[in-house]
Amino acid sequence: MSGKFILIVGPMYSGKTSELISFIEIYTLGKKKIKVFKPIIDTRYASEYVVSHTGTKVEAIPIKESKEMYNYLDYDEKAVFVDEVQFFDEGLKDVINDLLKKGINVYCSGLDLTYKNNPFQTTILLSAYADEIIKKKAVCHECGEYNGTISFKLVGNGDEIDVGGFEKYIAVCRDCYEKLNAEK
Ligand SMILES: [Zn+2]
């Protein structure tokens, strides 16, 4: 039987990684075999862990290209987890489809929009294959409403891929995003 594919998306500080970790716990508490992957580009926190903003951490295999996952898979995993999918190449969809065919469940989390309000290609591509998409929101940093959907970049260069945390990004709602961009 095919595995299930759950995709968790949203802006920064929306609890995507915490949500991913809560799914990981379902498997680890049940003593089920899993693998967790993360992009090597994300060096905000300890590189061999997936860490939520609240500090919960789970061991993860850092990789650069999605096909490197094949080097680590035993195919008897009950589930495979991938954090920060927006940083991966589009070939991730092929690896995921291979896993699903083998009956392995896949859970991914990632940003859906860049700070320029453009879709992250790999995340959007994966959404076409997901059985379930969990769309998370953040509390808007400006107005305090629970409708933050976009990560707004405070400082740094103009690169759309530019890893950072609280010092570089805030999560805002669409209205506040427009206001902040008008003020820039
Ligand atoms: Zn707002």
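A residue counts as buried when its relative accessible area is under 20%, as exposed when that area is over 50%, and as partly exposed in between. The model described here is predicted.

**The zinc site**

Four cysteine sulfur atoms hold the zinc ion: the SG atoms of C140, C143, C173 and C176, at 2.3 to 2.4 Å. The angles among these 4 donor atoms run from 100 to 117°, and the site is tetrahedral. Along the chain, the donors are spaced as C-x2-C-x29-C-x2-C. Distant parts of the chain are linked in this way: C143 sits in the loop between β8 (132-135) and β9 (150-153), while C176 belongs to helix α4 (residues 174-183), 33 residues away.

Is C176 buried or exposed? Its relative accessible area is 5%, so C176 is buried. C143, with 37%, is partly exposed, because this value falls between the cut-offs of 20% and 50%.

**E84 and K38**

An unreviewed UniProt entry lists E84 under "active site". E84 is found in the loop between β6 (79-82) and α2 (92-101). Its relative accessible area of 9% makes E84 buried.

K38 is part of strand β2 (residues 34-39). Which backbone atom does the side chain of K38 reach? The partner is the backbone oxygen of Y49, at 2.9 Å. K38 is itself buried, at 4% relative accessibility.

**Accessibility of the residues discussed**

| Residue | Relative accessible area | Class |
|---|---|---|
| C143 | 37% | partly exposed |
| C176 | 5% | buried |
| E84 | 9% | buried |
| K38 | 4% | buried |

How values were computed:
Residues numbered from 1 in each chain as written. Predicted model: local features only at pLDDT ≥ 70, side-chain atom pairs only at ≥ 80, totals over all residues. Heavy atoms only, no water. Donors = N, O, S within 2.8 Å, 3.2 Å for Na, K, Ca; no water. Tetrahedral: all angles 85-135°; square planar, octahedral: opposite > 155°, others 65-115°. Helix = DSSP H or I, 4+ residues; strand = E, 2+ residues; numbered from the N terminus. Buried < 20%, exposed > 50% of the residue type's maximum accessible area, 1.4 Å probe, protein only. UniProt positions renumbered as here; feature names shortened; annotations may be inferred. Polar contact = N/O pair within 3.5 Å; in protein donor to acceptor, adjacent residues only side chain to side chain.
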